[in-house]
Structure formats: structure tokens, C-alpha cells
Amino acid sequence: MSNPFVQIVEPLDPKEPLKKFFNLSKLQDARYARLPFSIRVLLEAAIRNCDEFLVKKGDVENILNWKVMQHKNVEVPFKPARVILQDFTGVPAVVDFAAMRDAVKKLGGDPEKINPICPADLVIDHSIQVDFNRQSDSLQKNQDLEFERNKERFEFLKWGSRAFKNLRIIPPGSGIIHQVNLEYLARVVMDQDGYYYPDSVVGTDSHTTMIDGLGVLGWGVGGIEAEAVMLGQPISMVLPEVVGYKLVGNPQPLVTSTDIVLTITKHLRQVGVVGKFVEFFGPGVAQLSIADRATIANMCPEYGATAAYFPVDDISIGYLIQTGRDKEKVMCTKRYLEAVGMLRDFNNSSQDPDFTQVVELDLHTVVPCCSGPKRPQDKVAVSDMKTDFETCLGAKQGFKGFQIAPDRHNSIVKFNFEGCDFELAHGSVVIAAITSCTNTSNPSVMLGAGLLAKKAVEAGLTVKPYIKTSLSPGSGVVTYYLKESGVMSYLSQLGFDVVGYGCMTCIGNSGPLPESVVEAITQGDLVAVGVLSGNRNFEGRVHPNTRANYLASPPLVIAYAIAGTVRIDFEKEPLGINALGKKIFLKDIWPTRNEIQAVERQFVIPAMFKEVYQKIETVNESWNALDAPSDKLYTWNPKSTYIKSPPFFDGLTLALQTPKTIEGAYVLLSFGDSVTTDHISPAGNIARNSPAARYLTSRGLTPREFNSYGSRRGNDAVMARGTFANIRLVNKFIDKQGPQTIHFPSGEILDVFDAAERYKQAGHPLIVLAGKEYGAGSSRDWAAKGPFLLGVKAVLAESYERIHRSNLVGMGVIPLQYLPGEDAGTLGLTGRERYTIIIPEKLKPQMNVQIKLDTGKTFNAIMRFDTDVELTYFYNGGILNYMIRKMAS
């Protein structure tokens with residue numbers, strides 16, 4: 001590689017042959033020392049790939065001049081070192097790869113060119129559900145049922161691991177993708193092909209950003225974009241702004257990392273960081289463990305940033321040793337980072353880079369809090385929870401309102417469960433889940449929950465038996481240290497048995513509630529509550545019967561489970577009264593930070609990590625017993641309702657088709673703000689009266705066999721029918737929540753899929769109207785693939801979340817954005833008009849295009865193809881079409 005920035009250096013590890021690395025810190029240029037650490041990783045990646053990807057010499061200058069160039073839409077190529085996937089997004093990715101091999105073969109190319117060229121790890125963590133809980137054998141029963149439901153999907157993935165090089169599958173039951181990445185997969189520094197260079201990663205899950213807490217630059221992308229990266233295509237991105245987030249002070253003794261991240265989430269949503277990097281600095285960072293930092297980085301999608309980066313420091317190096325990494329390699333990692341100026345000292349302000357903007361948080365001001373009832377950014381101090389929920393009850397329907405009539409605020413419904421009488425009211429907790437890599441990766445909050453459980457049991461407190469309690473750790477290490485520290489038995493006594501190793505309740509795999517509980521909720525039209533230690537609580541996500549869902553730390557999840565309601569003031573009201581008649585308050589059983597840290601130092605040790613992860617790929621006997629073919633081309637089963645060859649490449653030719661003006665499009669749906677990817681493409685329960693249910697029934701399946709939308713992402717027939725199928729969907733054309741719309745030619749109200757089919761049969765193109773933050777939430781590619789299959793040619797929104805806009809581009813759907821200061825209201829758009837979108841012959845990034853209505857009105861909008869590379873994808877009809885043509889030619 002002829003590169004002026006490569007310098008031969010002394011071996012960093014005496015046992016290794018001489019290695020090369022780009023010693024960027026030796027550049028005779030003061031600009032490098034002022035770059036944010038996250039931008040230094042981008043610079044290194046651009047230089048490392050300059051020969052392979054023909055990066056212009058000016059690109060290095062642009063990155064060095066980052067602060068000057070950041071507002072000029074400068075395009076930089078970024079080739080991550082690794083890709084990680086989970087099964088909900090991984091299955092459709094492997095389906096696409098299998099179909100792409102077929103397409104390349106049809107076009108006369110070599111199908112085996114469709115193959116990952118960088119390391120790709122797929123962790124199966126999204127399939128297991130909380131079907132059983134509060135039983136000693138819940139874990140085994142849930143895992144057995146997971147295999148029964150998903151055997152075909154798992155066999156397909158095992159085929160993929162054999163058919164494709166560089167694709168490793170981490171079997172079900174191993175943990176959650178991001179926690180496994182943090183504790184095991186992350187390298188921090190890559191040692192490959194004779195070079196050292198910083199580890200970086202993109203993943204098909206929005207919470208890939210969790211790894212930023214360890215100093216590995218990473219973020220979530222859509223499955224479509226990840227596939228292109230796996231095939232060697234760099235990510236073309238606009239040079240980002242970097243917001244410096246300064247942390248000062250020390251957290252109060254009763255505050256958890258969950259409280260800190262919920263505070264930061266609300267703060268950064270107010271600041272506005274969509275499409276930007278956030279980089280943390282300041283002396284307060286040194287007060288945070290890597291698990292604390294990973295918790296903050298994990299929720300990056302909830303505050304809307306692209307990345308939430310914590311540069312590597314000595315605490316990061318210590319974490320690598322604590323988690324059982326090879327000590328000699330860790331020391332080599334440290335020497336490399338020192339040599340290239342990427343080892344950070346957060347107490348040394350002279351290392352502070354220049355940032356686009358600096359905001360500050362004093363950690364001492366953080367108080368215990370939750371977020372909800374419908375969005376992660378809606379933080380509520382625990383001291384205000386009771387009054388806030390009661391205010392939400394009567395408030396107008398919206399993010400903070402349920403519009404319950406005042407005379408029904410104190411409604412009570414009596415019911416019987418397992419022979420005993422109970423009562424439910426608005427605010428009653430029916431789901432309490434310690435779940436999600438966001439928190440279960442953090443020993444401090446997990447041991448805090450265990451110590452609180454121990455004190456609660458010893459004080460004589462219990463959890464009502466109808467509350468669906470569960471504990472789903474992100475890795476086997478968690479169970480290991482909970483048992484070794486002696487707190488696991490107390491968690492079990494309160495109903496928090498281990499039910500599985502996976503995302504579970506956090507992604508809506510919460511399983512069924514008891515029938516009598518569901519009947520009581522329905523009878524009283526109650527706002528029942530789920531409390532979970534997850535990262536998302538969007539409407540309809542956690543469970544269909546919990547209209548209010550609050551994010552909370554694991555200790556608070558247990559506290560609210562004991563209380564049985566969120567309508568409690570912990571300062572003034574007891575958690576419960578024990579058998580001796582004594583009132584027990586939360587402050588009586590809450591463990592201090594010192595107590596937790598003492599247990600953590602004693603029981604969270606490297607040997608645990610080594611023992612768990614050395615057998616991670618072979619420990620699951622059910623996985624080992626799966627049989628799968630080893631053919632390079634997949635043999636599609638026409639009877640399958642899980643795996644189906646998608647229609648994306650039907651009729652694909654080597655010749656490009658010139659993009660045409662979209663003539664007379666109808667509006668399929670009209671939305672307000674914050675429509676999430678859960679609204680667009682739900683992952684959970686398939687409703688029995690839905691188009692997807694009708695399709696599955698026609699294929700001979702019973703409702704018990706429907707499984708979830710997430711599990712059926714390998715079948716486009718199900719997923720197209722599941723698009724816009726969220727039961728909490730709010731479409732302005734309809735006066736109630738639900739997945740329906742108006743078919744304007746007939747005036748009929750239909751399920752969204754059925755209306756789209758009618759439009760398609762008549763040859764009418766479709767568009768979607770939306771407000772701000774369209775596509776917030778998970779990085780699910782089906783939120784773009786589904787609308788594409790429905791015939792949606794464009795979306796017109798006030799703003800987009802980053803990943804979803806990229807996914808729309810990847811499928812060839814045009815993301816249009818109103819001009820500043822304009823929206824549907826100011827333009828007088830009702831959505832009942834027909835829209836003609838003029839596509840000029842010559843396109844350029846972020847150009848204005850003209851939109852004509854059948855009413856005679858004309859206005860302009862921004863075509864959000866942000867880079868020349870994205871325009872290339874559009875000309876090809878999407879990223880995958882581009883890659884097929886590239887491989888075939």
C-alpha cells in the first residue's frame with residue numbers, strides 16, 4: 001500500500017512480527033490534535049482505505065479541516081472493521097444474500113462473489129419470548145418453545161454460516177447482541193493483515209452504539225446498508241457535527257446509571273442531535289465505569305444521535321482485562337493507542353478537542369427517575385411519578401395523555417387469579433421486567449437489584465402473583481455473578497427468575513398476560529402499566545394491554561413490582577406492610593453505591609467471562625443438533641411461511657432505468673410527529689384480525705402458530721401485510737387508533753395493506769405524509785422494505801431519523817422533506833389531494849424538487865439524497881440492485 005501516512009514502527013508486541021499502522025498523531029499538523037476522538041477514527045479509516053476505495057487526497061484535508069467543512073455536506077467514505085447482526089434483522093439479510101446469489105447467477109456472474117468480505121457476527125437474541133415465568137424451569141421451557149417455533153429460521157441461519165465465509169453465528173441462549181459485543185466480540189484495536197487500526201463496527205440494530213462506551217466507534221444501520229458494507233461497499237456519510245457533552249461532578253449515592261442516561265436522553269432531545277456525533281468528555285467521565293458508559297451509549301438512538309462516543313482511557317483498558325481478554329494483547333492495544341494519540345485522560349483538559357457545540361451536565365444534579373409513559377425522552381423524577389401519571393390520565397390523547405374521563409380516574413375492577421381475589425386500577429403494574437442489554441450489562445444496577453431484593457425479602461415484602469415478573473440477562477455472566485454473590489435466590493422469591501437470555505420484553509416478546517388480568521383491563525378500559533429496564537416504550541411495543549410503559553433501573557423495576565402500582569409516592573407511602581404490621585419504605589431497602597461496589601469488586605471477575613465465552617458457540621445442544629444443507633445456493637421451499645425468496649430483484653437487468661416523475665400519487669397515510677419504525681413495521685404480536693393473520697390462516701396455520709412479525713421477517717408476504725399494522729397507529733384520515741386508512745377512489749375504510757393492494761391493481765403510485773422525527777426507533781429495514789412493497793414511491797416529512805432515511809434510500813423510496821418553516825399545515829395539505837413529484841433529469845444531493853397537486857397548487861420540497869453515492873443507489877433502484885449489478889459485471 002503506497003500511502004504517505006503509513007509509518008513502520010517497532011513491534012508493539014515482541015512476540016509478533018513487525019506491524020504497520022498509521023501514526024496520525026505524528027502528522028506535522030496542529031489540526032489533528034484538535035480533532036474530536038471520534039473524527040480521528042473516521043480519518044484513520046479514510047486513510048487506511050485510500051488505495052482500495054480511491055479516496056481523494058482532498059478527503060484527508062476535509063477531515064483534518066473538520067470544523068470548517070462540517071456544514072458543507074462534505075462526503076467521506078467510512079469502512080467499518082466489522083458488522084454485527086441480530087436474528088430479526090439478520091434473517092432478512094441472509095435471505096437477501098441468498099436471493100442476490102440467484103440474481104447474480106441469472107445475470108451471468110459468479111454467485112459466490114455475494115459473500116461477506118469483513119468479519120460479520122450474527123447473534124440470535126430476538127426470538128425467545130416470556131411464555132413462562134415464576135417457575136424454576138421457565139428458562140428451559142422458554143428455550144424449548146423458542147426452538148419449536150423457530151426451527152426453520154435457525155436451520156436457515158445455520159445454512160448461511162456454512163454457505164458464506166466470514167459469517168459467524170452466535171447460537172440462541174448466548175445473550176444479547178450488544179452485551180456479547182461489549183464483553184466478548186469487541187477488539188478495540190484490530191490486528192489484521194499486517195496492520196493495527198482502531199476497531200469500528202456497524203450493526204443491524206440501532207443500539208449498536210452501546211459499543212461506543214468502550215471506545216469502539218459504532219452505530220446502527222439498516223440491514224440493507226449493512227449488506228452493502230459486508231460486500232465491501234464503504235458507507236458514504238456527510239462529515240458530521242460533533243457535540244461535546246461535558247460531564248462534571250459525582251453522582252449522588254442513590255443514583256444509578258439508568259437515572260443518568262434517562263436524564264441525558266431528555267437533555268439531548270432538547271438540544272437536538274439528530275445526525276450528529278456526541279462525544280463525552282470532562283472529569284465526570286472518569287467517575288463512570290465502562291458499564292455506565294455503555295448504558296449511556298446504548299440509548300443514543302433515543303436521543304437521536306448517530307454515535308455517542310467515549311474515547312478509550314485506562315478504565316477501558318482495565319475493563320478489557322476484567323472481562324477476560326488476553327493481557328498481552330490488551331497491553332499491545334494500550335501501546336498502540338498511546339502511539340497514535342487516541343488514549344484519553346478525561347482529567348486532563350488540555351486533551352479536550354474542539355467541538356461544534358458543548359453542553360454540560362453536573363452528575364450531582366441527577367435524581368432517581370423513570371421515563372414514560374410512551375416515549376424514552378419523557379423523563380419523570382421518581383418523586384413526581386404519582387402526580388405525573390394522574391395528570392396523564394386526564395390529559396388529551398398524546399405522548400403524555402390518555403384522555404380518561406375524570407369520573408373514571410379511580411375505577412377499580414375486581415378479578416380472580418389462581419383462586420384469590422385481587423383488584424386492578426389505572427396505574428396498576430401488570431408487567432415488571434428486568435430486561436435489555438441497556439441495563440443487564442451493568443453489574444452495578446444488576447447487583448443493586450439483587451441487594452434490594454434480598455432486603456425486601458428479609459423485610460417480609462412480596463410481589464402480587466398476577467404481575468408478570470421476569471429477568472432476562474444479556475449474557476450468562478450476569479447469572480454467574482448473581483448466583484455467586486448470593487442474591488439470585490432472593491430475586492427468584494420475588495418472581496424474578498431467569499426466563500431467557502435475549503431481548504424479550506424490551507422488544508415486545510413479553511408473552512401473554514393471564515387471561516383474568518386481560519379481562520379486567522378490558523372490562524375497565526384501564527391504563528395498565530409495564531415497568532421495564534429497557535430502552536424503548538413506544539406505544540404498542542411492550543404489550544398490547546399495557547397502555548403506559550415506564551423505563552426504569554432494575555432496582556426500581558422491583559420496587560414498582562412490590563408496590564403494584566405507579567400511583568405511589570415512595571417518600572410518603574410505604575412499599576408494603578409486612579406480616580408483623582410494619583410499614584416498609586423504599587429508603588429502608590435501597591442499597592447504597594458503596595454496598596454495591598463492594599459486592600461488584602468481589603464477584604465480577606475475569607474467570608467468569610472466560611468460562612462463559614470460551615464455550616459460547618457450542619453450549620447450546622439444540623443448536624448443535626440442527627441439520628442444515630451446505631449448498632452455496634439456497635433451495636427455497638415454496639411451502640415455507642418463514643423463508644421466502646423476495647421479489648426485490650424480479651426483472652432486474654444490467655441496464656439502468658431512468659428515474660421517472662411520479663404522476664398523480666394518492667396519499668396512503670397521513671401522520672403527525674414521532675411515527676416510529678414500530679408503527680411502520682411492528683415486531684411483536686400478529687393480531688388475529690390482521691391481513692397477515694388472514695394470510696397465515698390461508699396457509700393452514702392456527703393463531704398459536706403465528707409467532708411474531710419479527711420472527712417472520714424472512715417472508716415478504718407476511719411482512720408486506722404487517723406494514724403499518726401497529727394497533728396504536730394514528731392516521732389522520734381515521735378518527736381512532738388502528739391500522740386502517742381510506743381508499744379514496746371508493747371512499748371505503750380498509751386495512752392499510754388491502755387499500756394499498758387496490759391502489760396497486762389500479763396502477764396508482766402512493767406516498768406517505770408525516771411530521772417530525774419520522775422513522776424514530778429501531779433500525780429495521782422492513783420499515784422501508786414494507787412500504788416499498790405496498791407501492792409507496794416517496795415519503796414527505798418534516799424531518800427523519802437518520803437510520804430510517806438511509807433505509808428508504810436503500811430501497812429506492814424517495815425521502816422528501818418540507819422546506820424550513822413549512823409543513824402540511826402551513827401548505828394547507830389535507831392528504832386527500834393527488835401528488836405529482838417532478839424528478840429532473842440531472843439530480844444533485846439535497847436539491848429542491850417541485851410537487852404539483854391536482855388542486856392546482858405547487859410547492860417545493862428537499863429531496864433527501866444527501867450524497868452522490870445515495871443518488872447512485874437511487875439510479876439503480878436501491879443499494880442491493882447496485883451491488884448485484886456491480887458483482888454481475
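In this predicted model, I467 sits in the loop between α16 (443–458) and β21 (468–471). The residue is buried, because its relative accessible area is 1% and the cut-off for burial is under 20%. Leaving out residues up to four places away in sequence, I467 touches N133, R134, V429, V430, I431, A432, A561 and G564. I467 and S38 lie 429 residues apart in sequence. Their C-alpha atoms are 44 Å apart in space.

The nonpolar interior was examined next. The largest nonpolar core holds 299 residues. F280, Y560, L668, F724 and Y774 touch the most other members of this core. Helix α5 (residues 87–106) supplies the largest share of this core, with 11 residues. A further core, of 11 residues, lies apart from the largest one. Its members include A692, L701, F706 and A717.

The surroundings of F724 can be listed in full. Residues up to four places away in sequence are not counted. F724 then touches L668, L669, F671, H679, I680, L729, P739, V752, V768, Y774, P787 and L790. Of these contacts, L668 and Y774 are also named among the core residues that touch the most other members.

H804 belongs to helix α30 (residues 802–810). H804 is buried, because its relative accessible area of 2% falls under the 20% limit. Neighbours within four places in sequence aside, H804 is in contact with T677, I680, Y774, G775, A783 and A784. Two of the residues named here, I680 and Y774, are touched by F724 as well.

Empty space was then considered. Rolling a probe the size of a water molecule over the atoms shows where such space is left. The largest pocket contains about 1400 Å³ of space. Its lining is made up of 46 residues. N685, I686, P703, F706 and N707 lie nearest the centre of this pocket. F706 is also a member of the 11-residue core. By class, the pocket lining comprises 18 nonpolar, 16 polar and 12 charged residues. Helix α6 (residues 138–163) gives the largest share of the lining, four residues. Domain 3 (369–611) and domain 4 (662–888) each contribute at least three residues to the lining of the largest pocket.

Across the whole structure, the search finds six cavities of 30 Å³ or more. The largest cavity encloses about 210 Å³. A total of 23 residues line this cavity. Those nearest its centre are H126, D205, I507, R541 and S778. The lining of the largest cavity has 11 polar, seven nonpolar and five charged residues. At least three of its lining residues come from each of domain 3 (369–611) and domain 4 (662–888).

The second largest cavity has a volume of about 120 Å³. Its lining has 13 residues, and P301, A305, E801, R802 and I803 are the closest to its centre. Helix α30 gives the most to this lining, with three residues. H804 is found in that helix. The lining of the second largest cavity divides into seven polar, four nonpolar and two charged residues. Domain 2 (240–311 + 346–367) and domain 4 (662–888) each supply at least three residues to it.

Backbone geometry was the last topic. Most residues other than glycine have a negative phi, and most peptide bonds are trans. A cis peptide bond joins G372 and P373, with omega at about 15°. P373 lies in the loop between β16 (369–371) and β17 (379–381). Q403 is not a glycine, yet has a positive phi of about 55°. The loop between α14 (385–394) and β18 (412–417) holds Q403. Q846, also not a glycine, has a positive phi of about 55°. Q846 is found in the loop between β32 (835–837) and β33 (848–853). The residue is partly exposed, with a relative accessible area of 30%.

Technical notes: Residues numbered from 1 in each chain as written. Predicted model: local features only at pLDDT ≥ 70, side-chain atom pairs only at ≥ 80, totals over all residues. Heavy atoms only, no water. 1 Å grid on protein atoms, 1.4 Å probe; cavity = no way out; pocket = protein on both sides within 12 Å on 5 of 7 lines; lining within 4 Å. Points joined across faces, edges and corners; volume = space filled by probe spheres on them. Helix = DSSP H or I, 4+ residues; strand = E, 2+ residues; numbered from the N terminus. Nonpolar A, V, L, I, M, F, W, Y, C, P; charged D, E, K, R; others polar. Domains from an automatic or database assignment. Buried < 20%, exposed > 50% of the residue type's maximum accessible area, 1.4 Å probe, protein only. Contact = heavy atoms within 4.5 Å. Core = buried A, V, L, I, M, F, W, Y, C linked by side-chain atoms within 4.5 Å.
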